[in-house]
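User: Please walk me through this model. Keep it brisk.

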Amino acid sequence: MANVLNPDICVIGGGAAGLSVAAGAAAFGVPVVLVERGRMGGDCLNFGCVPSKALIAAAKHAQAIRAAEEFGISAGEPLIDYERLQARVHAVIGEIAPHDSAERFESLGVKVIADAARFIDDRTVAVGDHLIRARRFVIATGSSPAIPAIPGLSDTPYLTNETLFDLKRLPKHLVIVGAGPVGLEMAQAYRRLGARVTVVESGKALSSDDPELVAIVLEAIRAEGIILHEETAILSVERHAGGVRLHCENAQGRFFIDGSDLLLAAGRAPNHASLDLDAAGIRHDAKGIAVGADLRTSNRRAYAIGDAAGGMQFTHVAGYHARLVLQQILFRLPAREDRGIVPRVTFTDPELAEVGPGEAEAREKFGRVDVVRWDFSANDRARTDGLGRGLIKITVTRRGRILGAAIAGAGAGEMINGFAFAVANRLTLKHFRGYVAPYPTLSEIGKQASISYYGPVARNPLVRSVIGMLRYFG
Ligand SMILES: Cc1cc2nc3c(=O)[nH]c(=O)nc-3n(C[C@H](O)[C@H](O)[C@H](O)COP(=O)(O)OP(=O)(O)OC[C@H]3O[C@@H](n4cnc5c(N)ncnc54)[C@H](O)[C@@H]3O)c2cc1C
Ligand SMILES: NC(=O)c1ccc[n+]([C@@H]2O[C@H](COP(=O)([O-])OP(=O)(O)OC[C@H]3O[C@@H](n4cnc5c(N)ncnc54)[C@H](O)[C@@H]3O)[C@@H](O)[C@H]2O)c1
């Protein structure tokens, strides 16, 4: 006989989104059941952010050794011990894993069930021997790598983010499908570790970001020797000489690429096929589960959050969504997602970071807007540290309210924090101009840009005549 559970909340999926809801609910003493069919921690911990950033960190060390020459230090070409490097990547996952483990969540008061969940009606989920009839369901089942429909792919070995970090040897020539954040972050990391890297992109690289800033990133990564083919179709793939061959076509004609390994980084597909959402009356499509700004699905008992909701796919969005649904479920307070306050960072070198609407979108929404620009070359710290090109663009209303910012350059991922804070709190450039920034830091760039915005005030005849008058008083 099935074991019937009646928690207040049933969370499906133990990734960043589901764990945040479960921990939050348990902290307030609310009965919660968490169902996870795979590894606790989900994509971010096991196959996403954590291993990719650990690999990028290793690659950065290799690159720093090469760049040392410029500083008068000769070290030669770095020697890469790929096995030790991968062991460190997994050690980092291991360090974080206890925080996301079933044991820790049980100790917080969450009942954790290690199995796959599926709906059997609009208020019941079946998991193994259990039937869960919860007051509210939170679907946080995440996403998986999308497998593009390329002829020959099913007979060709390929890697995805789920297998890449288990690779036991450094690829000789890594061919990557897709120049989004996953494709370009991994392209640069593997190039720096010594692999040849070719990226094939059907459209434009990093197409959802500001093209002027994307150009800065692409110039840098091409200068490191990465071959990037944009607006190129992959006609077919096949096994070839112990590796792979891609047949491609672009405006220049047809050509082929031979590589030792193939990595698919062609976007994400939501994990909802096995949930039987139709049984619960939950609308969905190939992009994800349909939700309103309150993250509620077409079944009023159920919310969908994180990657499963098919919107912005970031770990910090998963955490933000969790807060919004907890506010509604625990406190019965209304909550709506505001995508305009969510920062987005691609961890290439230079990094690319944005928050708020892009320039064109801001004009459409707010009419006249001003864009304040400041180049990294005018920053002393960027010069002392030899940090290369960088640019910040801040979009403001006519009254100086900060609508968004976009930064390409070293440290952009850290610097965007200040602007995300400003956008979320509706601050103006005056606030940025008014605080004291420590010298020499990259964050001064934001302040310098703000001062430049008010620069014309110094040439204003009225202001000058007031100053002139005041001089008579001694
Ligand atoms: C290579 C890579 C690098 C990334 N780097 C970053 C980064 O630097 N910064 C950033 O913000 N984001 C990054 N992301 C995105 C980030 O990993 C995701 O946005 C985030 O993990 C989404 O969390 P989630 O909880 O919604 O989903 P997931 O982490 O996918 O968790 C969903 C969980 O649900 C489980 N599940 C699915 N179906 C069922 C079922 N029927 N029953 C029970 N359990 C189920 C799955 O096993 C999984 O554990 C990266 C992604 C990739 C692929
Ligand atoms: N730093 C970060 O925060 C970070 C890092 C990695 C991933 N992520 C998240 O993970 C999600 C997935 O990233 P992603 O880079 O896999 O997806 P993406 O959708 O951003 O990019 C995929 C790219 O692949 C291209 N593509 C698709 N099919 C193709 C084909 N057949 N041939 C050639 N090109 C093809 C697309 O045009 C697109 O440019 C993103 O939404 C991102 O938010 C975030």
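Analyst: One term to start: two residues are in contact if their C-beta atoms, placed from the backbone, lie within 7 Å. Helices (H or I, at least four residues) and strands (E, at least two) are DSSP runs, numbered from the N terminus. This is a predicted model, where local features need pLDDT of at least 70, side-chain atom pairs count only at pLDDT 80 or more, and totals for chains, interfaces and linings use all residues. Residues are numbered from 1 along each chain as its sequence is written, while chains are lettered from A and ligands numbered from 1 in the order in which they are written.

User: Okay, helix α13. Which of its residues are buried?

Analyst: In α13 (444–453), E444, I445, G446, A449, S450 and Y453 are buried. Buried means 20 or more other C-beta atoms within 10 Å of the residue's own; exposed means 12 or fewer, and partly exposed lies in between, with C-beta atoms placed from the backbone.

User: What do those buried residues of α13 pack against?

Analyst: Two strands and two helices: β23 (369–375), β24 (391–397), α11 (412–424) and α12 (429–434).

User: New topic. Where does UniProt place the "binding site" feature?

Analyst: The unreviewed entry puts it at G178, A179, G180, P181, V182, G183, L184, E185, E201 and G267. These positions span 90 residues in sequence, yet no two of their C-alpha atoms are more than 14.0 Å apart, so they gather at one spot. A caution: UniProt positions are given in the numbering used here, feature names are shortened, and annotations may be inferred rather than shown by experiment.

User: Take G178. Where is it found, and is it buried or exposed?

Analyst: G178 sits in the loop between β10 (173–177) and α6 (181–192). G178 counts as buried because it has 24 C-beta neighbours inside 10 Å. Leaving aside neighbours within four places in sequence, G178 is in contact with G183, E201, L264, A265, A266 and G267.

User: And E201, buried or exposed?

Analyst: E201 is buried, because 23 other C-beta atoms lie within 10 Å. Its place is the loop between β11 (196–200) and α7 (211–223). Beyond four places in sequence, E201 is in contact with G178, A179, L228, H229, E230 and T232.

User: Which residues come nearest to ligand 2?

Analyst: Of the 25 residues around ligand 2, G178, G180, V182, A266 and G267 come nearest. A residue is near a molecule or strand if its C-beta atom, placed from the backbone, lies within 6 Å of it. Two elements, α6 and β21 (344–346), give two or more residues to this shell. The largest share, 4 residues, comes from α6.

User: How many nonpolar, polar and charged residues are in that shell around ligand 2?

Analyst: The shell around ligand 2 has 13 nonpolar, 9 polar and 3 charged residues. Ala, Val, Leu, Ile, Met, Phe, Trp, Tyr, Cys and Pro count as nonpolar, Asp, Glu, Lys and Arg as charged, and the others, Gly among them, as polar.

User: Now ligand 1. Which residues come nearest?

Analyst: G13, G15, G42, G142 and G306, out of 38 residues around ligand 1. Its shell divides into 15 nonpolar, 18 polar and 5 charged residues. Elements that each supply at least two of them are α1 (16–27), β3 (32–36), α2 (42–46), α3 (49–67) and α8 (315–331).

User: Back to β10 and β11. What is the strand order in their sheet?

Analyst: The order is β12-β11-β10-β16, an open sheet of 4 strands with parallel pairing. Strands pair if DSSP finds at least two bridges between them. The edge strands, β12 (227–229) and β16 (261–264), each pair on one side only. Neighbouring strands are turned by 20° against each other on average, direction ignored. Helix α6 packs on this sheet, touching β10, β11 and β16, and its direction makes about 165° with that of β11. Axes are lines fitted to C-alpha atoms, for helices over the stretch in contact, and angles run from 0 to 180 degrees between N-to-C directions.

User: How many bridges join β11 and β12?

Analyst: 3, in the parallel sense. V199 has L228 in β12 as its bridge partner.

User: Last one. How do β13 and β14 pair, parallel or antiparallel?

Analyst: Antiparallel, with 7 bridges between β13 (233–240) and β14 (243–250). E238 has R245 in β14 as its bridge partner. The hairpin has 2 residues between the strands, and A241 takes a positive phi near 45° there.
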